[in-house]
Amino acid sequence: MPTFEHGEFKVEVDEDGFITDPEIWNEELATALATTEGVDEMTEEHWKLVNYLRNYYMQFGIAPMVRKLCKETGFPLKKVYEMFPSGPAKGACKVAGLPKPTGCV
Amino acid sequence: MPEDRSYKAEKVIERLGKKLNRQVVGSLAACVHCGMCTDSCHYVLANPGDPTFAPAWKADRLRKLFKRHYDWTGRVFPWWVGAKSVYTDKDLEELKDIVFGKCTNCRRCSINCPMGVDFATFNRMARGLLVSVGVMPEGVAVVSKDQWEIGNQMGVLREDYLDTIEWMEETIQDELDNPKAVIPIDKPNTDVVYTINPREVKYDPRTISDAAKIFHMAGENWTMPSEGWDMTNFGLFSGDDDLGGSVASRVYDKMHELKGKKIVISECGHGYRSTRCEGQNWAGMDVDFEMESSVITMRDYIKEGRIQVDKSKNTDKYTYHDSCNFARSCGLFEEPRELLNLVTDDFSEMYPNRSENYCCTGGGGAMSMSEYAPDRLKSAKIKADQLKATGANVVVTSCHNCVDGLADLIKHYKLDMKVTQLVNLVANALVIPEEAEVAVKEPDEVETLKGLFAGKKIMVVDDEPDLRVFYGSVLEDNGAEVIEAADGDEAIGLAMAELPDLITLDLSMPGKDGGKVFEALRKNDATASIPVCIITGRPELRSLIYDRPVPAPEGYLDKPVSEETLIRNVRKIFEVGRAMEKQPV
């Protein structure tokens with residue numbers, strides 16, 4: 001298994017860079033993962049989105065539809081892409097500690 | 001001596017025998033190990049020191065198995081022809097890493113093989129053998145399960161799908177400031193049924209709103225289905241023909257239920273190939289509707305003047321990536337380029353291109369197999385260099401899989417490029433006229449079409465009083481003056497006396513039938529130029545009309561005719577007529 005190293009962190013990730021154990025996730029790790037997805041600073045809005053994704057995943061075991069994400073956080077789709085340039089599936093899910101989405105993504 | 005073999009290995013060998021056909025056996029037998037394929041595979045080019053990436057080497061893993069069990073040479077002289085069997089589950093795992101991990105089934109080697117060996121075809125078959133005993137990458141298993149059980153590859157539930165479509169409808173209504181811009185669901189008898197890739201609805205629905213905007217501006221009579229909307233098909237990637245057939249028939253069945261004329265397939269390479277080219281064989285099913293890539297639909301809208309575009313709105317420097325399934329396997333090379341040139345000013349080719357283009361490196365389902373990502377990205381060096389050499393800052397492609405494969409390698413190799421699709425460029429270039437009242441052919445919009453036929457006198461000829469009333473009221477509601485005739489002689493007399501602007505004509509009537517009436521009208525100077533729209537319950541009589549020695553009718557409809565169809569066709573006849581008058585002689 002590859003590892004993700006950043007500052008003090010050295011954690012196990014899959015070959016696409018998604019953490020393999022959702023339990024080890026914390027805000028510092030999220031901030032570090034964000035740097036790999038073109039997010040240099042995690043603003044309050046970034047946290048709102050990431051926390052929503054994380055809570056949804058912990059509850060239902062899958063990533064939410066982007067529709068739900070926008071509805072519940074109030075962010076327009078365009079804003080989501082501005083915050084996470086690599087998109088909700090790869091960028092935001094990775095930062096939130098979710099596994100890589102399945103299928104053609 | 002009986003061989004000691006695992007249950008799964010036994011099953012794989014058994015199934016191989018059932019899957020052999022002329023094409024596969026031909027491919028297995030024809031290889032002369034000349035090495036042409038080696039130079040055509042991006043895996044080999046990026047890993048020159050590793051022979052295990054060479055298509056011929058990979059093919060030999062399966063060829064050995066074939067020779068050992070199904071070719072007499074291997075049964076008699078196994079040591080001589082390199083025949084070798086599989087015995088353990090570990091052998092199968094090794095085969096899995098080759099057929100799933102070292103090839104994207106892009107077929108670049110196939111077209112470069114002088115012996116015509118289609119390696120990708122039997123690589124897919126080998127995948128299918130392994131999948132049949134449950135040996136496959138986890139990502140493939142998860143996606144296949146969702147497609148089997150939920151009906152789409154991302155497990156999107158019906159209500160979530162409908163909710164997202166409604167959201168995109170609101171989005172275009174806001175953007176166009178027009179509450180009449182709608183995304184109809186399950187509307188029957190439409191000209192276009194639009195099918196998509198689940199990633200559009202789950203993660204990035206901007207392509208849905210863009211497409212909807214284009215359909216709306218073109219005044220298209222279209223719908224999206226509530227089921228059978230996933231035109232992707234993991235059966236193509238996994239080699240599982242049963243899954244392929246099940247997924248494809250879901251799309252076809254819904255289409256039959258909706259009685260649509262044409263499936264338009266959004267920009268997805270493997271989805272297009274599966275739905276348009278392979279699905280009917282997998283499903284064992286004939287279909288009686290058209291299937292078309294949205295690339296062709298959009299190109300035709302622009303060429304026919306149904307939408308207006310302003311290419312100066314797309315300001316980047318573009319290049320185009322041919323998807324393996326869309327281009328190499330299905331032959332769509334020029335159509336996307338034609339469209340790209342209609343909506344952008346600055347397009348340059350990448351080299352090589354068209355059928356010789358290199359794989360996006362994410363093909364064949366590779367994006368869902370994380371375990372092979374390091375090899376995939378290492379081998380993407382070839383593609384990265386190719387992209388870089390174009391000098392473009394945007395790469396356009398007509399495949400969702402390529403979008404992700406390319407985006408991933410662009411990030412990995414830190415290229416300053418973006419990936420986009422034609423639908424995004426067309427939508428961005430759309431010219432939305434001020435006070436645009438696009439005449440969308442929606443039933444609830446008939447109100448807005450009032451006066452559409454104002455000043456026109458239309459004669460309705462039918463022996464059925466109910467139908468005369470129905471056609472008459474539809475036409476009158478739209479401003480026409482309607483006169484009615486119940487049989488052939490009355491029709492001819494009335495036409496001479498009233499000289500209507502258009503005649504709708506039933507074919508089977510007592511007395512003088514519609515065919516005779518039609519010929520008489522055409523042969524009389526006074527009525528010869530009156531447009532005629534045949535409306536018949538007996539389409540088999542069509543030849544009786546077209547065989548007559550007079551110009552063909554302007555319209556031909558089969559009963560039953562809906563209100564919309566009648567309006568659309570009458571409009572079309574009037575509009576085409578006007579266009580003809582304007583043309584210089």
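Two residues are in contact here if their C-beta atoms, placed from the backbone, lie within 7 Å. With that cut-off, 77% of the contacts in chain B between residues at least 6 apart in sequence join residues at least 24 apart. This is a predicted model, in which local features need pLDDT of at least 70, side-chain atom pairs count only at pLDDT 80 or more, and totals for chains, interfaces and linings use all residues. Residues are numbered from 1 along each chain as its sequence is written, while chains are lettered from A and ligands numbered from 1 in the order in which they are written.

**View 1. Chain A as a whole, with its five helices and two strands.** Helices (H or I, at least four residues) and strands (E, at least two) are DSSP runs, numbered from the N terminus. Follow the sequence and you will meet them in the pattern β-β-α-α-α-α-α. Chain A is as compact as a globular protein of its length, because its radius of gyration of 13 Å is close to the 13 Å that the globule rule gives for 105 residues. (The radius is taken over C-alpha atoms, and the rule is 2.2 Å times the number of residues to the power 0.38.) The C-alpha trace of chain A spans about 35 × 25 × 25 Å along its principal axes. In chain A, 48% of the contacts with a separation of 6 or more come from residues 24 or more positions apart. Of its 105 residues, 37% count as buried; a residue is buried if 20 or more other C-beta atoms, placed from the backbone, lie within 10 Å of its own, exposed if 12 or fewer, and partly exposed in between.

**View 2. The hairpin of chain A, formed by strand 1 and strand 2.** Four bridges join strand 1 (residues 3–6) to strand 2 (residues 9–12) of chain A, and the two run antiparallel. Strands pair if DSSP finds at least two bridges between them. To find your way along the ladder, look for Glu5(A), whose bridge partner is Lys10(A), and for Thr3(A), which stands opposite Glu12(A). Two residues lie between the strands, and Gly7(A) in the turn has a positive phi of about 55°.

**View 3. Helix 2 and helix 5 of chain A, crossing at roughly 85°.** The axes of helix 2 (residues 44–60) and helix 5 (residues 87–95) of chain A come within 9 Å. Axes are lines fitted to C-alpha atoms, for helices over the stretch in contact, and angles run from 0 to 180 degrees between N-to-C directions. That makes helix 2 of chain A roughly perpendicular to helix 5 of chain A, a label for angles of 65 to 115 degrees; under 35 counts as roughly parallel, over 145 as roughly antiparallel and the rest as oblique. Helix 2 brings Leu49(A), Val50(A) and Leu53(A) to the contact, and helix 5 brings Ala92(A), Cys93(A) and Val95(A). The contact divides into six nonpolar residues, no polar and no charged. Here Ala, Val, Leu, Ile, Met, Phe, Trp, Tyr, Cys and Pro count as nonpolar, Asp, Glu, Lys and Arg as charged, and the others, Gly among them, as polar.

**View 4. The open four-stranded sheet of chain B, in the order 2-1-3-4.** The pairing is parallel. Strand 2 (222–223) and strand 4 of chain B stand at the edges with a single partner strand each, so one side of each is left without a neighbour in the sheet. Strand 1 (residues 192–195) and strand 3 of chain B are joined by three bridges, and Val193(B) stands opposite Ile263(B) in strand 3.

**View 5. Helix 18 of chain B (residues 294–303) and its surroundings.** Seven of its 10 residues are buried, so helix 18 is largely enclosed by the rest of the structure. Among the buried ones are Met298(B), Arg299(B) and Tyr301(B). Their cover includes helix 14 (206–217), strand 3 (262–265), strand 4 (290–293), helix 20 (334–343) and helix 24 (422–429) of chain B. Gly305(B), with a positive phi near 75°, follows helix 18.

**View 6. The contact between the chains, with 28 residues from chain B and 15 residues from chain A.** Helix 12 of chain B gives the most to the side of chain B that touches chain A, with four residues. That side divides into 11 nonpolar, nine polar and eight charged residues.
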